[in-house]
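Q: Could you take me through one part of this model up close? I'd like the charged pairs, and where they sit in the fold.

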Amino acid sequence: MLKGLRISPPDPSLPLYGQVDPAVELVQSCPLLEQLEISNTVSILPEQQGNIDPDDLESPFPDVPSLNLTKLEYLCIHILYPSALLASLLKSSLPSLRHLMITPYDDGPSPALFDFLTVHGTKLSTLHISMPKHWPIAVQPRTLNILQLCPYLKHLSIDYPLPSLILPTGMKHSLRALTVPRPNSRFFNELEKLLPRLPSLTIVRTRNVKWLKSGVSAKALEAGVQGEMRDWRKRLARRGVRLVDQEWKDPV
């Protein structure tokens, strides 16, 4: 019995219209899947870009079927262009989905990200967002109502450009763990203001930074990223929140 599947949608050089998508057919034939990874990092060819409406993931694929994946718990999407399979997943209920890892197909307010959270966010307990690794990289923060779209989220991992996390007035959230790439003063100032409305938050992790080992000079501990880490640690501790490094460790 097949429980996990990694699949790449068809080569983007193939026509996007007028064909049965083999990726959709394959996933349709595996109704007991518990884990699904969709991975393709091939960029869209220039001649194809006219076929894709960046404002609507489903528009190039109006007739895709929904998928009967009632046991799917883990979904990983690392893809740089829309596909029929993504559109099918948007039409599917996915009642068991709890864990989503997603690389949106652009670095702006991506419809792939927003649409997935709108449709499936209320089921999620963990969400990992990574951004496409290409040049130039967007640096402007995005305002995404991730916490509102994912009210039962326990662990959120985000990437640059770090979004501005928001909550409606009076709303609290049960988030327990937050992962960021490294210290960022703009983001931390916003997070610090939001902390009273995150009463369950107990840990913030810096994914790309390790604490320096004991024995280094006090000057080194207070400089650069290490200094920012220690400042974050002190300020978070006032709210009962631990700051840990990429290995989930406290400073030695």
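**A close look at the salt bridges**

A: Let's start with the surface: in this predicted model, the chain has about 12600 Å² of accessible surface, and 54% of that belongs to carbon and sulfur atoms. The chain has seven helices and eleven strands, and buried residues make up 45% of its 252 residues. If you take contacts between residues at least 6 apart in sequence, 69% of them join residues at least 24 apart.

Now for the charged pairs. The structure holds seven salt bridges. One of them is between Arg207 and Asp159, whose closest N and O atoms are 3.5 Å apart. That pair ties together distant parts of the chain: Arg207 is in the loop between β10 (203-206) and α6 (218-222), while Asp159 is in the loop between β7 (155-157) and β8 (164-165), 48 residues apart. Both Arg207 and Asp159 are buried.

Stay in the loop between β10 and α6 and you'll find Lys210, which links to Glu247 in the segment after β11 (242-244), another join between distant parts of the chain, 37 residues apart. Their side chains meet in a salt bridge at 3.3 Å, N to O. Lys210 counts as partly exposed because its relative accessible area is 40%, a value between the 20% and 50% cut-offs. Glu247 is also partly exposed, at 37%.

Glu247 has a second partner, too: its side chain meets that of Lys249 in a salt bridge of 3.4 Å, N to O. Lys249 is partly exposed as well, with a relative accessible area of 46%.

There's also a network of salt bridges, and it links Glu192, Asp231 and Arg235. For context, helix α7 spans residues 224-237. That helix has 14 residues and reaches 20 Å from its first C-alpha to its last, close to the 20 Å expected at 1.5 Å a residue. The buried residues in α7 are Gln226, Gly227, Met229, Arg230, Trp232 and Leu236. As a reminder, an α-helix has 3.6 residues a turn, so residues three or four places apart point the same way.

One last stop, away from the charged pairs: Ser125 is in the loop between α3 (111-120) and β5 (126-129). Ser125 counts as buried because its relative accessibility is 18%, and the cut-off is 20%. Leaving out residues up to four places away in sequence, Ser125 touches Arg98, His99, Tyr152, Leu153, Lys154 and His155. Of these, His99 is 26 residues from Ser125 in sequence and 6.1 Å from it in space, C-alpha to C-alpha.

Conventions:
Residues numbered from 1 in each chain as written. Predicted model: local features only at pLDDT ≥ 70, side-chain atom pairs only at ≥ 80, totals over all residues. Heavy atoms only, no water. Helix = DSSP H or I, 4+ residues; strand = E, 2+ residues; numbered from the N terminus. Expected span 1.5 Å × (residues − 1). Buried < 20%, exposed > 50% of the residue type's maximum accessible area, 1.4 Å probe, protein only. Contact = heavy atoms within 4.5 Å. Areas by Shrake-Rupley, 256 points an atom, 1.4 Å probe, with all protein chains shown as cover. Salt bridge = Lys/Arg side-chain N within 4 Å of Asp/Glu carboxyl O.
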